[in-house]
Amino acid sequence: MDIYGGCFLHNLCDENDPDNIMVTRLFNEGCIQGIQVVVKHPSVTPDITPENLKEKLVLPPGLRAFIHLGAESAGVDPPERLDMMGTYTKKGKANGHTWFNWNRETLLWGKIVGEILTAIDHGTGLDDGIIGTTHPGYGWSIDDVEGRERVIQTFRALGPQIALENVPPAVDKFLFEHYEHEKFDWPFPYYWGYGGTPEDMAALLKELPGPRYLIDFGHLTVMCNQAKHPLTAGRIPDRRIELDEIVCDYMALPHSDICHYGGHPGNFPHDLHGFVHVMPPSPIREALRSIKAVCLEIHYNPANYDMVVRAFDDFRKVIQ
């Protein structure tokens with residue numbers, strides 16, 4: 001299995017950037033084979049353009065790259081329902097962008113970056129042809145038909161090179177504030193994460209040409225926990241509480257050769273990273289072993305290189 005670290009686009013365009021130095025060292029020492037690159041709205045990196053990206057990139061030969069197109073942390077939500085982190089309001093709306101254009105420009109820029117990296121031999125090299133992924137987005141509820149149609153239209157426009165990632169189905173304002181330790185100005189107390197159950201992901205894939213999705217195993221655990229939690233269980237139709245069934249049903253859908261893993265968050269009903277040191281249940285371990293590449297979505301601190309290396313060692317114990 002190939003193991004990918006993570007960074008942002010601007011990190012790869014500066015040889016003196018601490019994250020770039022860390023990535024290069026991890027690659028040269030055999031800790032990683034690739035990097036997942038988060039690409040936000042082009043206004044975040046105005047000096048990087050499609051015309052000059054090839055010249056600006058500072059990458060060791062052979063390093064593979066996979067793109068995470070901007071999602072919640074970039075103010076992106078195709079259904080235009082939930083500005084989860086308030087990023088669009090602060091960066092997009094405040095600068096005259098409509099939310100529709102902010103979403104479209106962010107996602108298309110990420111796809112362009114992925115295409116350029118692939119063209120210069122920094123793609124994944126995997127057979128599925130997928131160069132990146134992003135989240136489907138959020139609706140008022142699972143029955144938000146207009147929001148669902150916007151998701152479908154967005155991924156039709158992006159094409160089969162971009163995979164849908166499963167997200168936890170229930171986003172609850174109370175739980176979100178509790179685990180994030182801050183207040184959020186949301187117009188609605190809870191939302192539906194499209195593709196957050198096997199049935200809902202299957203329904204989305206039926207609407208898309210050449211569909212594939214990317215499986216995030218941490219999100220599967222969160223989904224299972226939400227199906228048991230008193231605040232969220234009632235909002236998840238066809239709810240499952242057995243992780244082995246959930247993993248089996250998701251793995252049966254057409255998924256990419258690369259996946260996400262941020263560790264096993266135990267009983268948390270909220271998306272949390274940084275649990276790579278926790279041994280996950282056997283259904284997740286077995287599923288991970290069957291996939292060709294994984295993006296480890298954990299917190300990378302270039303100031304503590306030994307801790308980063310230890311995180312990769314912890315993951316290798318998971319898949320042994």
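Which helix is Gln226 found in? I went looking and found Gln226 in helix H8. Worth jotting down before I go further: this is a predicted model.

**Entry 1: Gln226**

I checked the accessibility of Gln226 next. Gln226 counts as buried because its relative accessibility is 2%, and the cut-off for buried is under 20%. I then asked what the polar side chain is paired with. A polar atom of the Gln226 side chain lies 3.2 Å from the backbone oxygen of Pro269. Pro269 also turns up in the contact list of Gln226, once neighbours within four places in sequence are set aside. The other names on that list are Pro168, Pro169, Ala170, Thr232, Ala233 and Ile236.

**Entry 2: the rest of H8**

How many of the residues of H8 are buried? I got 10 of 10 for this helix, which runs over residues 217–226. The buried set includes Phe217, Leu220, Val222 and Met223, and polar names such as His219, Thr221 and Asn225 are in there too. Gly218 and Cys224 are also buried.

I looked up what those buried residues pack against. On the strand side I noted S6 (162–165), S7 (170–172) and S10 (258–261). On the helix side I noted H7 (198–206), H9 (243–251) and H10 (282–289).

What caps the N-terminal end of H8? Asp216 does, with a side-chain oxygen 3.0 Å from the backbone nitrogen of Gly218.

**Entry 3: loops on either side of S10**

S10 came up as a packing partner of H8, and I wanted to see the loops around that strand. His255 is found in the loop between H9 and S10. Is His255 buried or exposed? I put it down as buried, since its relative accessible area is 17% and the limit is under 20%. The His255 side chain reaches the backbone oxygen of Met251 at 3.4 Å. Leaving aside neighbours within four places in sequence, I have His255 in contact with Arg212, Tyr213, Tyr250 and Ile291.

Val276 sits in the loop between S10 and H10. Its relative accessible area is 4%, so I logged Val276 as buried. With neighbours within four places in sequence left out, Val276 is in contact with Gly262 and Gly263, and also with Ile298, Ala311, Asp314, Phe315 and Val318. I took one distance while I was there: Val276 and Leu126 are 150 residues apart along the chain, and their C-alpha atoms are separated by 24 Å.

**Entry 4: positive phi**

I ran through the backbone angles with one rule of thumb in mind: most residues other than glycine have a negative phi. Two residues went into the notebook.

Asp121 has a positive phi of about 70 degrees and is not a glycine. I found Asp121 in the loop between helix H4 (99–119) and strand S4 (132–134). Asp121 counts as exposed because its relative accessibility is 66%, and the cut-off is over 50%.

His181 is the other entry, with a positive phi near 60 degrees. This residue lies in the loop between helix H6 (173–180) and strand S8 (190–193). At 69% relative accessibility, I filed His181 as exposed.

**Entry 5: Pro18**

Pro18 lies in helix H1, residues 18–28. Buried, exposed or partly exposed, where does Pro18 fall? It has 48% relative accessibility, so partly exposed is the label. I also looked up Pro18 against Lys56: they are 38 residues apart in sequence and 16 Å apart in space, C-alpha to C-alpha.

**Entry 6: whole chain**

I left the totals for last. My tally of secondary structure for the chain is 11 helices and 11 strands. The radius of gyration is 19 Å, and a compact globule with 320 residues would come out near 20 Å, so the two agree. The C-alpha atoms fill a box of roughly 50 × 50 × 40 Å along the principal axes.

For burial, 57% of the 320 residues count as buried. The exposed area of the chain is about 13,500 Å², with 53% of it supplied by carbon and sulfur atoms. Among contacts with a separation of 6 or more, residues 24 or more positions apart account for 80%.

Last lookup was charge. I have 28 positive and 44 negative charges in the chain, and their mean positions are 1 Å apart.

Methods:
Residues are numbered from 1 along each chain as its sequence is written. Side-chain values use heavy atoms; hydrogens and water are left out. Helices (H or I, at least four residues) and strands (E, at least two) are DSSP runs, numbered from the N terminus. The radius of gyration is taken over C-alpha atoms; the globule rule is 2.2 Å times the number of residues to the power 0.38. Buried means under 20% relative accessible area, exposed over 50%, partly exposed in between (1.4 Å probe, protein chains only). Contact means heavy atoms within 4.5 Å. Accessible areas come from the Shrake-Rupley method with a 1.4 Å probe; for residues, only the protein chains shown count as cover. Lys and Arg count as positive and Asp and Glu as negative; His and the chain ends are not counted. The place of a charge is taken as NZ of Lys, CZ of Arg, CG of Asp or CD of Glu. A polar contact is a pair of N or O atoms within 3.5 Å; within protein, one must be able to donate a hydrogen and the other to accept it, and residues adjacent in sequence count only if both atoms are side-chain atoms.
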